[in-house]
Structures are given as structure tokens and as C-alpha cells.
Amino acid sequence: VQLQASGGGLVQAGGSLRLSCAASGSIFTVHDMGWYRQAPGKERELVALISTGDTTNYGDSVKGRFAISRDIAKDTVLLQMNSLKPEDTAIYYCNLRNRNRWAGTTTDYWGQGTLVTVSS
């Protein structure tokens, strides 16, 4: 599985950005796609995930500001980020998790990361 992310950049506090991630390769019928982020000196944390059934899950710090969506036909996931804060500054990593329903296992794939910088 290959993940190609785009859309990072520099924005002022209160602004918006949209991240996009396109997946290709051996994608299972049941899988999740989403975003994690890692700020300097901090651990990687969940931003948002969306399942094949469109169930979404957000990190507490982004609820109400970020929205995740997907185009299953294009194997693409979008992250709309609004009301950005300086603390949202991080490298954002696209993630795809293949779920093997028969074996009960999961496999994670990661994109190369895209930098989001929010200035105050």
C-alpha cells in the first residue's frame, strides 16, 4: 500500500487548511483511513479516522474544528481543518489500516508526512 499526502503548509491562527491522502495498492475491503500528527518533542497522536462504514473518530483536541471525509471510489481521504491554532502545528501522517476479518488482524501503512504550521 502506498499513501500520497498533500495539502500542508503555513497558515495563520484561525485559518483553514485541507489535507488529502490518496491510497493505492493492496487495500482490503474493510479498512480505516485517517490522520495522526506528531509535534516536536511529543508522541504521535490521533487526529481523525474514518472507517469503511463511514464511522468517524476524532482526537479530543480537534473535535468541532476538523472534519474527515472519504471518497471510497478514489481511495482518498480528506481532512478539513478549520479554526486552526498554533498548537495544531505538527507533521501530519496519513494512515491506512487494513483489517483482515478472518484472521482478526490489522496492518498499518503510513504516508510520508506533511508539515502543517500555524502561526500566531
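A salt bridge is counted here when a side-chain nitrogen of Lys or Arg lies within 4 Å of a carboxyl oxygen of Asp or Glu. By that rule, the side chains of R37 and E45 meet in a salt bridge, with N and O 2.7 Å apart, and a search of the whole structure finds six salt bridges.

The model is predicted, so local features need a pLDDT of at least 70 and side-chain atom pairs count only at pLDDT 80 or more, while totals for chains, interfaces and linings use all residues. Residues are numbered from 1 along each chain as its sequence is written, and side-chain values use heavy atoms, with hydrogens and water left out.

**Salt bridges**

Three of the salt bridges are listed here with their N to O distances.

| Pair | N to O distance |
|---|---|
| R37 and E45 | 2.7 Å |
| R65 and D88 | 2.8 Å |
| D108 and R97 | 2.8 Å |

The pair of D108 and R97 links distant parts of the chain, since D108 is in strand β10 (residues 105–110) and R97 in strand β9, 11 residues apart. Strands here are DSSP runs (E, at least two residues), as helices are (H or I, at least four), and both are numbered from the N terminus. Salt bridges that share partners join R37, E45, R65 and D88 into one network.

How far these residues are covered is given by relative accessible area, where buried means under 20%, exposed means over 50% and partly exposed lies in between (1.4 Å probe, protein chains only). Within the network, R37 counts as buried at 5%, whereas E45 is partly exposed at 34%. R65 forms its salt bridge with D88, and because R65 lies in the loop between β6 (56–58) and β7 (66–71) and D88 in the loop between β8 (76–81) and β9 (90–100), the pair ties together parts that are 23 residues apart in sequence. R65 is buried, with a relative accessible area of 11%, and D88 is buried as well, at 1%. Outside this pair, D108 is partly exposed, with a value of 32%.

**Aromatic rings and charges**

Rings of Phe, Tyr and Trp (its six-membered ring) pair if their centres lie within 6.5 Å, and planes under 30 degrees apart count as stacked, over 60 as edge-to-face and the rest as tilted. The count by this rule comes to one aromatic pair. This pair is formed by Y36 and W110, whose ring centres are 5.2 Å apart and whose planes stand at 70 degrees, so the pair is edge-to-face. Because Y36 lies in strand β4 (residues 31–38) and W110 in strand β10, the pair ties together parts that are 74 residues apart in sequence. Y36 is buried at 14% relative accessible area, while W110 counts as partly exposed at 38%.

A charge sits over a ring if NZ of Lys or CZ of Arg is within 6 Å of the ring centre and within 35 degrees of the ring normal. The charged end of R44 sits over the ring of W110, 4.6 Å from its centre, and R44 also lies over the face of Y93, at 3.9 Å from the ring centre.

**An open sheet**

Two strands pair if DSSP finds at least two bridges between them. Four strands form an open sheet in the order β1-β3-β8-β7, with antiparallel pairing, and its edge strands are β1 (2–6) and β7, each of which pairs on one side only. Strands β7 and β8 run antiparallel and are joined by six bridges; the bridge partner of R70 in β8 is V77.
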